[in-house]
Amino acid sequence: STLGGLRWKLAIMDWLLGGVGGGLFDYNRENFFFDKEQQLKREFQAQKVRVTQFGLYREDVRDLMDLTVAKMENYLIVNAF
């Protein structure tokens with residue numbers, strides 16, 4: 001009789017813990033996937049910012065080179081006269 005009662009109590013505990021444990025697992029799994037999605041979005045955004053930043057650097061270098069060429073052309077014109 002005590003063995004039957006023990007089995008019954010163990011079955012109830014297993015059912016309760018399985019339900020709670022399964023719920024916690026699903027909750028944690030959902031948060032894990034949400035966090036991974038946010039991490040990917042953050043990494044892609046950072047990469048996009050870096051690409052844009054280097055595009056601006058290239059534009060600055062291009063402008064400086066054009067400025068140097070324009071100055072040299074002016075010097076050549078002044079020296080020609």
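This short talk covers the fold, the exposed surface and the side-chain contacts of one chain.

Good morning. The structure above is a predicted model, and I shall begin with the overall picture. The chain has 1 helix and 0 strands. That helix, α1, runs over residues 2–80, in a chain of 81 residues. How much of the chain is buried? Buried residues account for 0% of it. The exposed area comes to about 8,000 Å², and 65% of that area is supplied by carbon and sulfur atoms.

I turn next to the nonpolar surface. Leu6, Leu10 and Met13 together make a nonpolar patch of about 290 Å². Of these residues, let me take Met13, which is found in helix α1. Its relative accessible area is 46%, so Met13 counts as partly exposed.

Now to the charged side chains. In general, side chains of opposite charge can pair when their charged atoms come close. In this model the count comes to 1 salt bridge. Which residues form it? Lys41 pairs with Glu37, and their closest N and O atoms are 3.4 Å apart, which falls within the 4 Å limit and therefore qualifies as a salt bridge. The position of the two residues along the chain is relevant here: Lys41 and Glu37 are 4 residues apart in helix α1, so about one helical turn separates them. Both partners are partly exposed, with relative accessibility of 48% for Lys41 and 40% for Glu37.

The last topic is the aromatic side chains. A search of the whole structure finds 2 aromatic pairs. One of them joins Phe32 and Phe33, whose ring centres lie 5.6 Å apart. Why is this pair called edge-to-face? The planes of the two rings stand at 70°, and an angle over 60 degrees places the pair in that class. Phe32 is partly exposed at 44% relative accessibility, and Phe33 is partly exposed at 45%.

Phe54 and Tyr57 form an aromatic pair that is also edge-to-face. Here the distance is 5.4 Å centre to centre, with 85° between the planes. Phe54 and Tyr57 both lie in helix α1, 3 residues apart, which is about one turn of the helix. Phe54 has a relative accessibility of 45% and counts as partly exposed; for Tyr57 the value is 42%, again partly exposed.

To close, I return to the starting point: this is a chain with 1 helix and 0 strands, in which buried residues make up 0%. Thank you for your attention.

Conventions:
Residues numbered from 1 in each chain as written. Predicted model: local features only at pLDDT ≥ 70, side-chain atom pairs only at ≥ 80, totals over all residues. Heavy atoms only, no water. Buried < 20%, exposed > 50% of the residue type's maximum accessible area, 1.4 Å probe, protein only. Areas by Shrake-Rupley, 256 points an atom, 1.4 Å probe, with all protein chains shown as cover. Salt bridge = Lys/Arg side-chain N within 4 Å of Asp/Glu carboxyl O. Patch = residues over 30% accessible without salt bridge, like charges linked within 9 Å, V, L, I, M, F, W, Y side chains within 5 Å. Phe/Tyr/Trp six-rings, centres within 6.5 Å; stacked < 30°, edge-to-face > 60°.
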